[in-house]
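Biologist: I'd love a close look at one part of this model, please. Could you take your time and walk me through it in one go?

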Amino acid sequence: MVKYALFLGCQIPMRLPSIEIASRRVFNILGLEAVDLLGYSCCPEPVVSRLLDETAALAVSARNLTLAEDLGLDMLTLCNGCYETLAEANEALKHDAERRSEVNTILRRYGREYAGKVDVKHIVEALYEDVGLNGIRKHVTKPLKIRAALHYGCHLYREYKTSDIMRKPNMMREIAMQTGVDMIDYGLERLCCGYPSMQANEEFSLKHRLLPKLSRMRSKGAEAIITICPACTIQFEIGQVMLRSYGFQFNMPCINLMELLALSFGVPHRDLHLELHRSPVQQLVQKVLGVS
Amino acid sequence: MSQLNVEEQKVLLYDPSRCTGCLFCEVACSYYHFKRFDLDKAHLHVQFDEKNGEFEAAYCQHCDEPLCVAACPKEAIVKDEKTGWVKVNPMKCVGCQTCTVACPLSVPWFNMDFHVAVKCDFCDGDPQCAKFCSPQAIKVATRREAWEFNAKHYLEVDV
Ligand code: SF4
Ligand code: SF4
Ligand code: SF4
Ligand code: SF4
């Protein structure tokens, strides 16, 4: 059995618990053992925290990595942001002896030290490489007839060993295809959802990032958006509500890849608590599965 | 300075086919220089053409023969012979704004807070924009690589 230290991050348990519920069900079905990483903190957030204090950000990441190192396990992330933060920190700590010793000086004050033995994996890598498409497909008992548009999310393009930025996005796409969805190509897949520019300029983010994506998805006939990253999910769900004050009406369900998998594996939708979403995911699922 | 060394100088290189329009590059640039998350204070700008779905970026090329340097009446902009980076000396700048129109890419801009022109300074060797660009759409490359890429991309010729 493949075993990982599960790094849930902040957004999923706090704001999108239905993703955590679905992930745990999917892990069980696929035989992926995810050990809870007790005592973890924020990853921390990949851009602002590093800009504010790079060493402090690195120390926080390193501390999280030591928790996985204690368990002797590689780390599994469900969020694109957590992935980039932890993978980026791991690269720096593994390959830059000076940085590692600087960070370990800080960690030793708290009785910890990072030896650089952990690898960080994104969930799509674990699903694609450890389980495989066949391994996923054989559990699909309820193919989902949904016309869906994919959104990969910026941090999913981060690579360290190759320059092929589509490596993980293609994995995500192929995994999603196993659930039976009818994938709509809308041409703006790579465009950012606008989450990162929300703080700097809300109107720009909503009108010039989120809106073009939603408009194109809708005009191509998509009835749902599939995401993997919780931050993108928040932007799609809350952003649609905020766009109403600018005169744009959208109400597209935004479902996470893990929820999609769980549903296609036949997990009852009630168990997944899709009503926790801020977009009509529950309604979509009831319509598609013909249940109430 | 030999031709070889110039070719090996480090510059920025932007590949629109990798860009997502996240603007982390702009956020990082503005915070690094002004401690503000203000897209208007970034030294580079990424544009997204919503109609055609295409990206483009305006960023300093640290030109071989910089027009901003040539246009400055106060010799306030200097190109470092060794690194090739083109920087504004705020102590010499009188704020005439000639450089802001002389640069074909309008890279230098007039900073209303300090009343001087400001521009990309290559972050003194550690470009923050490249550091925070997940798909490495903007990255550090040699001048040679940049020439080759840009000639192919914009002129559709090989150099
Ligand atoms: S950080 Fe990179 S991907 Fe994002 S807008 Fe800038 S150049 Fe494009
Ligand atoms: S500011 Fe403009 S002219 Fe000056 S070096 Fe940069 S790109 Fe060239
Ligand atoms: S604004 Fe300053 S740097 Fe620019 S041309 Fe005038 S004096 Fe030179
Ligand atoms: S190299 Fe530095 S100053 Fe120049 S655009 Fe990038 S972040 Fe801004």
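Which residues surround ligand 3? And once you are there, please carry on to the surroundings in chain B.

Modeller: Happy to! Please keep in mind that this is a predicted model.

Ligand 3 is enclosed by residues of chain B, and four of the names to look for are the cysteines Cys72(B), Cys93(B), Cys96(B) and Cys99(B). Between Cys93(B) and Cys99(B) you will also find Val94(B), Gly95(B), Cys96(B), Gln97(B) and Thr98(B) around ligand 3. Pro73(B), Ala76(B), Ile77(B) and Ala117(B) complete the list for ligand 3. Sorted by class, the shell of ligand 3 has 9 nonpolar residues, 3 polar ones and no charged ones.

Now move on to ligand 4. Cysteines turn up here as well: Cys29(B), Cys120(B), Cys123(B) and Cys129(B) are among the residues around ligand 4. The shell of ligand 4 also includes His33(B) and His43(B), together with Leu12(B), Leu44(B), Asp121(B), Phe122(B), Pro127(B) and Gln128(B). Its class count is 8 nonpolar, 3 polar and 1 charged. Two helices of chain B, H2 and H5, each give at least two residues to the shell around ligand 4.

From there, the contact with chain A is a good next stop. Chain B brings 26 residues to this contact and chain A brings 27. Together they bury about 2400 Å², with 62% of that area coming from carbon and sulfur atoms. The interface has 1 salt bridge: the side chains of Lys131(B) and Glu54(A) pair up at 3.2 Å, N to O. There are also 13 residue pairs in polar contact across the interface, counting pairs with both residues at pLDDT 80 or more. On the chain B side, the elements that give two or more residues are helix H2 (24-34) and helix H5 (128-131). H2(B) gives the most, with 4 residues. The chain B side as a whole is made up of 15 nonpolar, 7 polar and 4 charged residues.

One last residue deserves a look while you have H2 in view. Lys41(B) sits in the loop between H2 and strand E2 (45-49) of chain B. Lys41(B) counts as buried because its relative accessibility is 13%, under the 20% cut-off. Leaving aside residues up to four places away in sequence, Lys41(B) touches Ser30(B), Phe34(B), Arg36(B), Trp109(B) and Asp113(B).

Key: Residues are numbered from 1 along each chain as its sequence is written. Chains are lettered from A and ligands numbered from 1 in the order in which they are written. This is a predicted model: local features need pLDDT of at least 70, side-chain atom pairs count only at pLDDT 80 or more; totals for chains, interfaces and linings use all residues. Side-chain values use heavy atoms; hydrogens and water are left out. Contact means heavy atoms within 4.5 Å. Buried area is the accessible area (1.4 Å probe) that two parts lose on being put together, summed over both. A salt bridge is a side-chain nitrogen of Lys or Arg within 4 Å of a carboxyl oxygen of Asp or Glu. A polar contact is a pair of N or O atoms within 3.5 Å; within protein, one must be able to donate a hydrogen and the other to accept it, and residues adjacent in sequence count only if both atoms are side-chain atoms. Ala, Val, Leu, Ile, Met, Phe, Trp, Tyr, Cys and Pro count as nonpolar, Asp, Glu, Lys and Arg as charged, and the others, Gly among them, as polar. Buried means under 20% relative accessible area, exposed over 50%, partly exposed in between (1.4 Å probe, protein chains only). A residue is near a molecule or strand if one of its heavy atoms lies within 4 Å of it.
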